[in-house]
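Colleague: Before I use this model for further work, I should like to go through its geometry with you. May I put my questions in turn?

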Amino acid sequence: MSDIKITIIDREGAEHTVDAPTDMNMNVMELVRAYELAEEGTIGICGGMAMCASCQCYVLNEDEVSLVEKNPDEEAMLWEAFNVKENSRLGCQIPITPEIEGLRIELAPEV
Amino acid sequence: MIETDILIIGAGPTGLFAVFEAGLLKLRCHIIDGLPQPGGQLTELYPKKPIFDIPGYPSVGAAELIDNLMEQIKQFEPGFTLNEVAENIEKLEDGTFIVTTNKGTQHHAKAVAIAGGLGSFEPRKPVIEGLNFYEDKGVEYFVKNPEQFRDKNIVISGGGDSALDWSIFLSDVAKSVTLVHRRNEFRGALDSVEKVQELKHQGKINLITPAEVTEIHGNEHVEAVTLSFDGGVSTQIIKTDYFIPLFGLTPKLGPIANWGLEIEKNAIKVNNALDYQTNIEGVYAIGDINTYPGKLKLILCGFHEATLMCQSVYNRINPGKKYVLKYTTVSGIDGFDGTRKEAEKAVVKAID
């Protein structure tokens, strides 16, 4: 069994705890799309290149999981994105691995 | 009025390849695109990134693929209406269409193929109260005519290539250029960053970082903006004639959402069992903009959809006319420009 649980609060405020596969080379943006938790066309617009910030999310339990560091592309995109907070990340830059079991995120508003 | 057989909306890879397939059927194409150059996302968002799933290319740069497609369709002489967004569609009694752009350019076509990808690119607008009010009254999202800013005070915000490049360019035109960015670091080509550094030292660009424009002031036109530091801990008001936020572009479905097409999940529903036609007879949707059961948003799928669309348009324009599929290797290609490409003929010659 290579699924972990991730909790996503969608843009309407509804909470979803979903099974996320760790063996499919997936990231959090793709997970949100796979479960259709944000309308198609409003998330993952650039396809996952850290170039649009449409998958921006707020990490709610950073201390409880082990997230990968931001790479320069993600940092630079977040400097230019809107509604950015201290705990902002781009979902497309967070790979689904056993280290993020129990991750809780909230999707940033659609821009 | 521009006359054509197939009016293609969107100059991305799918739209461009449609010109080739249409040309083989002796159908002419004209393409409308909101961006100033062909290529869509590939040239606008990631020109230098490689693509690995184009059949026959182990790796191809996004901009290079577009260059190749432009070369491939050249002999079919596609027309282009660039920098304009298709806004209105009207179906005439004879089944043809008139499509009008936001700038009023009219196109008359026998069929319309929407190859709009993710939609038309619109500027990302910062969240500032009253921003809409000041649009065209001192707030500009593009530098279309640099002369507009001659001897004016301007404030540019953003941290990418366009913010850097326009700050550099306008420092020679405007009375003063203030560049505001949320960080001290910029993401852009190294020489642009260095050039801004140099202009800052020369006092030709007033660089204010880390800061954010949070308010706009003025009665009928922008007169000043408020800059916030440290998330609003301190603020400063600076006088300016123009505020130019340059935060990149994001695609939106745009005016085609109001054309009476069946839309599902921000995409246009098409008949994938046959020809990628929409609910409006004669209007097709191909590439990333369409949806059907099992849809994959891949360039190679767009190529396939474009090909079937052209066949369907051919049958629509020439009802009942007999047609057999031709292979380019066998038949060669006759361009509308009079050129002919064909396989080299085998030589029949005796060997002594």
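Colleague: How far apart do the C-alpha centres of domain 1 of chain B and domain 2 of chain B lie?

Modeller: The bounds come from an automatic or database domain assignment. In chain B, this assignment gives domain 1 as 2-121 + 250-341 and domain 2 as 125-247. The C-alpha centres of domain 1 of chain B and domain 2 of chain B are separated by 37 Å.

Colleague: Which pLDDT do local features need, and how are residues numbered?

Modeller: Residues count from 1 along each chain as its sequence is written, while chains are lettered from A and ligands numbered from 1 in the order in which they are written. This is a predicted model, in which totals for chains, interfaces and linings use all residues, side-chain atom pairs count only at pLDDT 80 or more, and local features need pLDDT of at least 70.

Colleague: What percentage of the 352 residues of chain B count as buried?

Modeller: The C-alpha atoms of chain B fill a box of roughly 85 × 60 × 40 Å along the principal axes. With C-beta atoms placed from the backbone, a residue is buried if 20 or more other C-beta atoms lie within 10 Å of its own, exposed if 12 or fewer, and partly exposed in between. Of the 352 residues of chain B, the buried share is 37%.

Colleague: How many strands does chain B have?

Modeller: Helices (H or I, at least four residues) and strands (E, at least two) are DSSP runs, numbered from the N terminus. On that basis chain B has 8 helices, and its strands number 23.

Colleague: What share of residues 5-293 of chain B is strand?

Modeller: In an unreviewed entry, UniProt lists residues 5-293 of chain B for "domain: FAD/NAD(P)-binding"; its positions are given in the numbering used here, feature names are shortened, and annotations may be inferred rather than shown by experiment. Over residues 5-293 of chain B the end C-alpha atoms are 29 Å apart, the helix share is 19%, and the strand share is 31%.

Colleague: Which are the edge strands of the open sheet in the order 12-11-10-16 of chain B?

Modeller: Two strands pair if DSSP finds at least two bridges between them. The 4 strands of this open sheet in chain B pair in parallel, in the order 12-11-10-16. Pairing on one side only defines its edges, namely strand 12 (206-208) and strand 16 (242-245) of chain B.

Colleague: Which residue is the bridge partner of Val155(B) in strand 16 of chain B?

Modeller: Strand 10 (residues 153-157) of chain B pairs with strand 16 of chain B in the parallel sense over 4 bridges. In strand 16 of chain B, Val155(B) has as its bridge partner Phe243(B).

Colleague: At what angle to strand 10 of chain B does helix 5 of chain B run?

Modeller: Axes are lines fitted to C-alpha atoms, for helices over the stretch in contact, and angles run from 0 to 180 degrees between N-to-C directions; residues are in contact if their C-beta atoms, placed from the backbone, lie within 7 Å. Helix 5 (residues 161-170) of chain B lies across strand 10 and strand 11 (176-180) of chain B, and its angle to strand 10 of chain B is about 165°.

Colleague: What is the omega of the cis peptide bond at Pro210(B)?

Modeller: Pro210(B) is located in the loop between strand 12 and strand 13 (212-217) of chain B. The cis peptide bond joins Thr209(B) to Pro210(B), with omega at about -15°.

Colleague: Is Asp136(B), which has a positive phi, buried or exposed?

Modeller: Asp136(B) is not a glycine, yet its phi is about 65°. The residue lies in the loop between helix 4 (131-134) and strand 10 of chain B. Because 8 other C-beta atoms lie within 10 Å, Asp136(B) is exposed.

Colleague: Which residue in the turn between strand 6 of chain B and strand 7 of chain B has a positive phi?

Modeller: Strand 6 (residues 86-91) of chain B and strand 7 (residues 97-101) of chain B run antiparallel and are joined by 5 bridges. Within strand 7 of chain B, Val99(B) is the bridge partner of Ile89(B). The two strands form a hairpin with 5 residues between them, and the turn residue with a positive phi, about 85°, is Gly95(B).

Colleague: How many residues does the contact take from chain B?

Modeller: The contact takes 13 residues from chain A, and from chain B the number is 20.

Terms used. Contact = placed C-beta atoms within 7 Å.
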